[in-house]
Amino acid sequence: MALKWMQGVVICLVVIVTSLAVLLTSPLQTNTALASFGKSIQAGLRGRSMAETLRSVRLLCWVMTMPSNLQKKARYVRETWGKRCDVLLFFSSVENKALSVIGLNVSEGRSHLTDKTYHAFRYVYKHYFNQADWFLKADDDTYVIVDNLKFYLSKFDKNQGLYFGATFSRFTPQGYNSGGAGYVLSKEALKRFGERGSNKTACPYKGGIEDAAVGHCMYNLGVKLVNTLDKKNRTRFHAYHPLTHMEAGDRYLNSVSAYGYRTGAMNISDLPLTFHYIQGRNMKAVEFYLYHVRHVGDGGTVLT
């Protein structure tokens, strides 16, 4: 056993000495090689650290859909960003076992969206509370950059009552978050809803304005709405299509945005979290551009 150990030490020393001999043949080669070696080590450490960070953020994503949208929209969520969630659920008015869609026994239509949303959150609280620490509600045409979202959430405490999204400045003193952009509840926020959300005074029903109803509910439950702008006051959650935010904007969005709405790509965070109105096959295009396209100017290794 001792002999094998000594042999291993000798082999390691030979490798180290040989490597140093190569490096020391030229000062320029030495500096370049050491710098390159240091960068690769740092990159490796950052990569491992980031992977560990993302794994530590347990995210449940639930998606609001309907029977007519299962093939047109919802399936593309499952095939793209949804697969990066730790738990992915779809809620509709009718169960669909083939597509793993949970039926809520709530009528379809905008006038029932609040009821549908409350039922979904109650279901999540009852059946999945211990399987995640953060709970995202999204529409079936919302695209979520899940790794960015997990990284962003890693900076916050799941045990505080927190509520994240694209904030509109209406209906409550702290406003409410757009449903289409997707919004996130912390574990504590969902706990408060699960324990007290059946009180219609605290959590009123507003028919089709489900995001405003949830905003009222969170405010009455003492859940803090977090300002999600980045350090340069750029937006992370987006209630409209990327081109709407980059180009002409939207009159309604201009009037309700809590932090002042500004168009232009330079006003979108370089670590965005969500976009709305990305429908069907377009999700695959976004997925391709985000996760498969590289360019030689980014400093990365390009295989030719």
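Two strands are taken as paired if DSSP finds at least two bridges between them. The views below apply this criterion to a predicted model.

**View 1. The seven-stranded open sheet.** Seven strands form an open sheet of mixed pairing, in the order β3-β2-β1-β4-β9-β6-β10. β3 and β10 (224-225) stand at the edges with a single partner strand each, so one side of each lacks a neighbour in the sheet. Strands of a sheet pair through backbone hydrogen bonds, in either the parallel or the antiparallel sense.

**View 2. Strand β1 between β4 and β2.** β1 runs parallel to strand β4 (residues 134-139), to which six bridges join it. β1 also runs parallel to β2, here with five bridges. Met-64 has a partner in each of these strands: its bridge partner in β4 is Asp-139, and in β2 it stands opposite Phe-91. Elsewhere along β1, Trp-62 stands opposite Lys-137 of β4, while Leu-60 stands opposite Val-87 of β2.

**View 3. The two covered faces of β1.** Six of the six residues of β1 are buried. In a regular strand the side chains alternate between the two faces of the sheet. On one side of β1 lie Leu-59, Cys-61 and Val-63, and on the other Leu-60, Trp-62 and Met-64; all are buried, and both faces are thus covered.

**View 4. Strand β4 and its antiparallel partner β9.** β4 is likewise mostly covered, with six of its six residues buried. Trp-134, Leu-136 and Ala-138 point one way from the strand, whereas Phe-135, Lys-137 and Asp-139 point the other way. Lys-137 and Asp-139 are among the buried residues of β4. Four bridges pair β4 with strand β9 (residues 183-186) in the antiparallel sense. Lys-137, which stands opposite Trp-62, has Tyr-183 as its bridge partner in β9.

**View 5. Helix α3 and its cover.** In helix α3 (residues 70-79), the buried residues are Leu-70, Lys-73, Ala-74, Tyr-76 and Val-77. Their cover includes the strands β1 (59-64), β2 (87-92) and β3 (101-103), as well as helix α10.

**View 6. Met-218 in the largest nonpolar core.** The largest nonpolar core has 75 residues, and Trp-81 and Met-218 are those with the most contacts inside it. Beyond residues up to four places away in sequence, Met-218 touches Tyr-163, Gln-174, Leu-185, Ala-189, Phe-193 and Val-223.

**View 7. Phe-156 in the loop between α5 and β6.** Phe-156 is placed in the loop that lies between α5 (146-153) and β6 (162-164). Its relative accessibility is 28%, and because buried means under 20% and exposed over 50%, Phe-156 counts as partly exposed. Apart from neighbours within four places in sequence, Phe-156 is in contact with Trp-134, Leu-162, Phe-164 and Val-226. Trp-134 is one of the buried residues of β4. The C-alpha atoms of Phe-156 and Ser-186 are separated by 9.0 Å, although these residues are 30 residues apart along the chain.

**View 8. A nonpolar surface patch including Tyr-289.** Phe-288, Tyr-289 and Val-293 together form a nonpolar patch on the surface, with about 330 Å² of accessible area. Tyr-289 belongs to helix α10 (residues 282-291), and its relative accessibility of 59% is why Tyr-289 counts as exposed. Helix α10 is also part of the cover over the buried residues of α3.

Note on methods:
Residues numbered from 1 in each chain as written. Predicted model: local features only at pLDDT ≥ 70, side-chain atom pairs only at ≥ 80, totals over all residues. Heavy atoms only, no water. Buried < 20%, exposed > 50% of the residue type's maximum accessible area, 1.4 Å probe, protein only. Contact = heavy atoms within 4.5 Å. Patch = residues over 30% accessible without salt bridge, like charges linked within 9 Å, V, L, I, M, F, W, Y side chains within 5 Å. Areas by Shrake-Rupley, 256 points an atom, 1.4 Å probe, with all protein chains shown as cover. Salt bridge = Lys/Arg side-chain N within 4 Å of Asp/Glu carboxyl O. Core = buried A, V, L, I, M, F, W, Y, C linked by side-chain atoms within 4.5 Å.
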